[in-house]
Amino acid sequence: VQLQASGGGLVQAGGSLRLSCAASGNIVSINFMGWYRQAPGNQREMVGGVNAAGSANVVDSVKGRFTVSGDIAKKMVFLQMNNLKPEDTAVYYCNAHLKAGVNIYYTSHWGQGTQVTVSS
């Protein structure tokens with residue numbers, strides 16, 4: 001199983017970026033795909049995600065600026081980030097809860113992370 005994230009980069013405060021993540025491999029079922037971020041010296045924190053029912057949510061700290069969307073059936077999730085602030089600077093990780101191969105349990109899988117840097 002692979003989660004390939006893309007779309008990070010350097011942007012000025014107030015700018016926008018769109019992150020994409022695609023899952024691949026011998027995936028049987030996905031019940032969640034989403035995004036986490038980790039700034040230097042901080043713990044990894046959830047940003048938002050989409051469940052298999054299509055319900056999408058982001059955490060309160062980014063509401064109004066970030067939007068998560070995706071198509072679980074197509075194994076893709078996106079994060080649209082608007083009005084970026086320097087405090088949004090972090091490595092953003094794609095995450096999926098999925099069943100793969102002959103595994104009967106859902107397990108958590110992580111992408112490699114993509115750097116988002118917001119300059120003031």
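**Figure 1. Asn83 and Lys75, two loop residues with a positive phi.** Let's start at Asn83, which has its place in the loop between β8 and β9. This is a predicted model, and in it the phi of Asn83 is near 50 degrees, a positive value in a residue other than glycine. Why is that worth a look? Most residues other than glycine have a negative phi. Asn83 counts as partly exposed, because its relative accessibility is 41%. Now find Lys75, in the loop between β7 and β8. Lys75 is not a glycine either, yet its phi is positive, at about 60 degrees. With 26% relative accessibility, Lys75 counts as partly exposed.

**Figure 2. An open sheet of four strands.** Follow the strands across the sheet and you meet them in the order β1-β3-β8-β7, with antiparallel pairing. Which strands form the edges? They are β1 and β7 (66–71), and each of them pairs on one side only. On average, and ignoring direction, neighbouring strands of this sheet are turned by 15 degrees against each other. Six bridges join β7 to strand β8 (residues 76–81), and this pairing is antiparallel. To see the two strands side by side, look for Phe66, which stands opposite Met81 in β8.

**Figure 3. Strand β1 and its two faces.** Here we zoom in on an edge strand of the sheet, β1. In a regular strand the side chains alternate between the two faces of the sheet. Strand β1 covers residues 2–6, and you can sort its side chains into two groups. Leu3 and Ala5 are on the covered face, while Gln2, Gln4 and Ser6 are on the uncovered one. How many bridges join β1 to β3? There are five, and the two strands run antiparallel. Leu3 has Ala23 as its bridge partner in β3.

**Figure 4. The disulfide of Cys21 and Cys94.** How many disulfides does the structure hold? It holds one. A disulfide is a covalent bond between the sulfur atoms of two cysteines. Here the partners are Cys21 and Cys94, with their sulfur atoms 2.0 Å apart. The link is left-handed, with -85 degrees about the S-S bond. Cys21 lies in strand β3 (residues 17–24) and Cys94 in strand β9 (residues 90–100), so the disulfide ties together parts that are 73 residues apart in sequence. Are the two cysteines buried or exposed? Cys21 is buried, with a relative accessible area of 0%, and Cys94 is buried with a value of 0% too.

**Figure 5. An aromatic cluster of Tyr36, Tyr93 and Trp110.** A pair of aromatic rings is described by the distance of the centres and the angle of the planes. The count of aromatic pairs comes to two. In one of them, the rings of Tyr36 and Trp110 have their centres 4.9 Å apart and their planes at 70 degrees, so this pair is edge-to-face. Tyr36 in strand β4 (residues 27–38) and Trp110 in strand β10 (residues 107–110) are 74 residues apart, and their pair links distant parts of the chain. Tyr93 and Trp110 also form an edge-to-face pair, with 6.4 Å centre to centre and 90 degrees between the planes. This pair joins Tyr93 in strand β9 to Trp110 in strand β10, 17 residues apart. Tyr36 counts as buried at 19% relative accessibility, as does Tyr93 at 15%, whereas Trp110 counts as partly exposed at 39%.

**Figure 6. Charged ends of Arg44 and Arg18 over aromatic rings.** Tyr93 appears again in this view, now with a charged partner. The charged end of Arg44 sits over the ring of Tyr93, 3.7 Å from its centre. Elsewhere, the ring of Phe78 has the charged end of Arg18 over it, at 4.5 Å from the ring centre.

**Figure 7. Val118 and the residues it touches.** Val118 is found in strand β11 (residues 114–119). Is Val118 buried or exposed? It is buried, with a relative accessible area of 6%. Leaving aside residues up to four places away in sequence, Val118 touches Val11, Gln12, Ala13, Leu84, Lys85, Pro86, Asp88 and Thr89. Look for Gly9 as well: Gly9 and Val118 are 109 residues apart along the chain, and their C-alpha atoms are separated by 8.4 Å.

Conventions
Residues numbered from 1 in each chain as written. Predicted model: local features only at pLDDT ≥ 70, side-chain atom pairs only at ≥ 80, totals over all residues. Heavy atoms only, no water. Disulfide = S-S within 2.5 Å. Buried < 20%, exposed > 50% of the residue type's maximum accessible area, 1.4 Å probe, protein only. Phe/Tyr/Trp six-rings, centres within 6.5 Å; stacked < 30°, edge-to-face > 60°. Lys NZ or Arg CZ within 6 Å of the ring centre and 35° of its normal. Contact = heavy atoms within 4.5 Å. Pairing = 2+ DSSP bridges. Axes fitted to C-alpha atoms, helices over the stretch in contact; angles between N-to-C directions.
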